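Me: I am new to this structure. Please take one helix and look at it closely, then show me how it fits into the whole chain.

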Amino acid sequence: MNAPHPDLSALIQLTPEWERLQLLAYCVSLNRNGGEVGDTDLVRLRELQAAVDALRSPGGIWEQVLGERLTPVEYDVLVAVAGPEFEPRLGWAYQNLQGGQKDPWPSRALLHELFALEPHQGESLRSALAPSGILRRARLVAIARDEAWQPLQPESGLIARIAGRRWQPPAPPGSEPVIGAATWDDLVLPADRRRMLREFMLWIEHRHTVEGDWGASWAGGPVALFAGPSGTGKTLAARVIASVMDWPLFRIDLGRLVSKYVGETEENLNRLFDAAHDQPMVLQFDEADALFAKRGEIKEARDRYANMEVSHLLSRIESHRGPVILTTNLRRNLDAAFTRRLQMVVEFPRPDVEARATLWTRLLPPRAPLAEGVDVAELASAVALTGGQIRNAALHAAYLAAGAGVPIGPSELALGIWREINKDGRECVCSELGPLAVHLPQECIDG
Ligand SMILES: Nc1ncnc2c1ncn2[C@@H]1O[C@H](COP(=O)(O)OP(=O)(O)O)[C@@H](O)[C@H]1O
Ligand SMILES: [Mg+2]
């Protein structure tokens, strides 16, 4: 649900909705005491009904606020439940009408009376509030138990949307937020990969049209697999997608989720997916290798995930409604039977020399002073680093320069790269720096 953001004027326009409900509540109390609704009130009620119909018409303010179109009954329920947040007198009226109940929320039974439904029409209310209905599915209205006298409550996301406030869903259990907005410009990738990422976004952005309006069968997800060595921009690409949608990105480390709670994995997964279903968020599963390990092929992965029902996980991912990005550092073992079940498989290559030059330009701090003669093309061809390594090396060089009070020069860059390539514990020789090696401090060369 990617609703265009309303401003506060939405709230002003919605006044007739609350006024209509107050008048209806007044009619109920009159009625219960054997009174008659006067002509003036009936005229006013008709005026308000017309005003409300306009607000609920296709393209009207409600559709802008919700990003969804509801049925008349669903609108009635939604408005009645949200009302007390915006018109407190409505909350008092509900309390009085419900025998002085302490909550200001209406029950299904009260709505039945409020909208003057015949006994047989009660079913429409019940189905509007079913767990599979849009009000519950899209987390607009909450109900503790499916009983006629249970109070119906507005979800915090609904109130925020009506008020034009920015609202983001909380992190589902077992996930952690990935912070940091990113744009397409930040991402250095071959053109066809960028194109694939944009196509993946179409699956997220145009679901309403293709599924809702055009009647396509429901495909789940969409689910993409990002495969490539560490530091090639998989998480960055997920951040770009989330930022373009203006949704939060939540990361789940499958390895941790599985090994941390042996035996409880299935329950953890259920909690995670229940909270994330149909929510405006992007989920990223790291170390997704286990899902597509060919039977008997990756022994280690299979052992690690031995206690997990891989098929259960896969089916939960597939039936999840919302974008999922699986990431893996392995490529060789992609199982065709698995990849066919995904909407998109994107390979993240190690950057070539041209891409590395671009990465150096982007990842050196933009306002940092550079020493005369520093040439990114030279840096790019000297050592074949990944984007993640270039980022670290560039930052390390920047701190060396800041510490010495000098512009970033060849010595800082050489040392930054040297520190980076030595991180993985392998014996490095300074000739790996190519022409930059001459700028390394003597003690690095001596070891
Ligand atoms: N293709 C790329 N384009 C731009 N920056 C990149 C790219 N790959 C890596 N980086 C830089 O390295 C950092 C770490 O990369 P990340 O996306 O976490 O890699 P991965 O998830 O593939 O391990 C990024 O935040 C970014 O600064
Ligand atoms: Mg990553």
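Reply: Here is a close look at one helix, followed by its surroundings and the chain around it.

Bear in mind that this is a predicted model.

The helix is H13, residues 234-245. H13 has twelve residues. From its first C-alpha to its last it reaches 17 Å. That is close to the 16 Å expected at 1.5 Å a residue. Just after H13 comes aspartate 246. Its phi is positive, near 60 degrees.

Is H13 enclosed or not? Nine of its twelve residues are buried, so H13 is largely enclosed by the rest of the structure. A residue counts as buried when 20 or more other C-beta atoms lie within 10 Å of its own. In H13 the buried residues are Lys234, Thr235, Leu236, Ala237, Ala238, Arg239, Val240, Ile241 and Ala242. For the chain, 32% of the 447 residues count as buried.

What do the buried residues of H13 pack against? One partner is a helix, H11 (191-205). The others are strands: S3 (176-178), S4 (221-227), S5 (249-253), S6 (282-286) and S7 (321-328).

Next, the nonpolar core. The largest one holds 36 residues. Phe226, Val282 and Leu283 touch the most other members. H13 gives the most to this core, with six residues. Valine 282 shows the link to the helix. Leaving out residues up to four places away in sequence, valine 282 touches Ala238, Ile241, Ala242 and Met245. It also touches Trp247, Leu249, Pro323 and Ile325. Another core, of 32 residues, lies apart from the largest one. Ala80, Val81, Leu129 and Leu140 are among its members.

Now step back to the domains. The domain assignment gives domain 1 (9-163), domain 2 (176-347) and domain 3 (353-446). Between domain 2 and domain 3, six residues of domain 2 are in contact with eight residues of domain 3. On the domain 2 side, the touching residues divide into two nonpolar, four polar and no charged.

Last, the whole chain. It has 24 helices and eight strands. Its C-alpha trace spans about 100 × 55 × 40 Å along the principal axes. The radius of gyration is 29 Å, whereas a compact globule of 447 residues would have one near 22 Å. Many contacts join residues far along the sequence: among those between residues at least 6 apart, 74% join residues at least 24 apart.

Methods: Residues are numbered from 1 along each chain as its sequence is written. Chains are lettered from A and ligands numbered from 1 in the order in which they are written. This is a predicted model: local features need pLDDT of at least 70, side-chain atom pairs count only at pLDDT 80 or more; totals for chains, interfaces and linings use all residues. Helices (H or I, at least four residues) and strands (E, at least two) are DSSP runs, numbered from the N terminus. The expected span of a helix is 1.5 Å times one less than its number of residues. Two residues are in contact if their C-beta atoms, placed from the backbone, lie within 7 Å. Domain bounds come from an automatic or database domain assignment. Ala, Val, Leu, Ile, Met, Phe, Trp, Tyr, Cys and Pro count as nonpolar, Asp, Glu, Lys and Arg as charged, and the others, Gly among them, as polar. The radius of gyration is taken over C-alpha atoms; the globule rule is 2.2 Å times the number of residues to the power 0.38. A nonpolar core is a set of buried Ala, Val, Leu, Ile, Met, Phe, Trp, Tyr and Cys residues joined through C-beta atoms within 7 Å.
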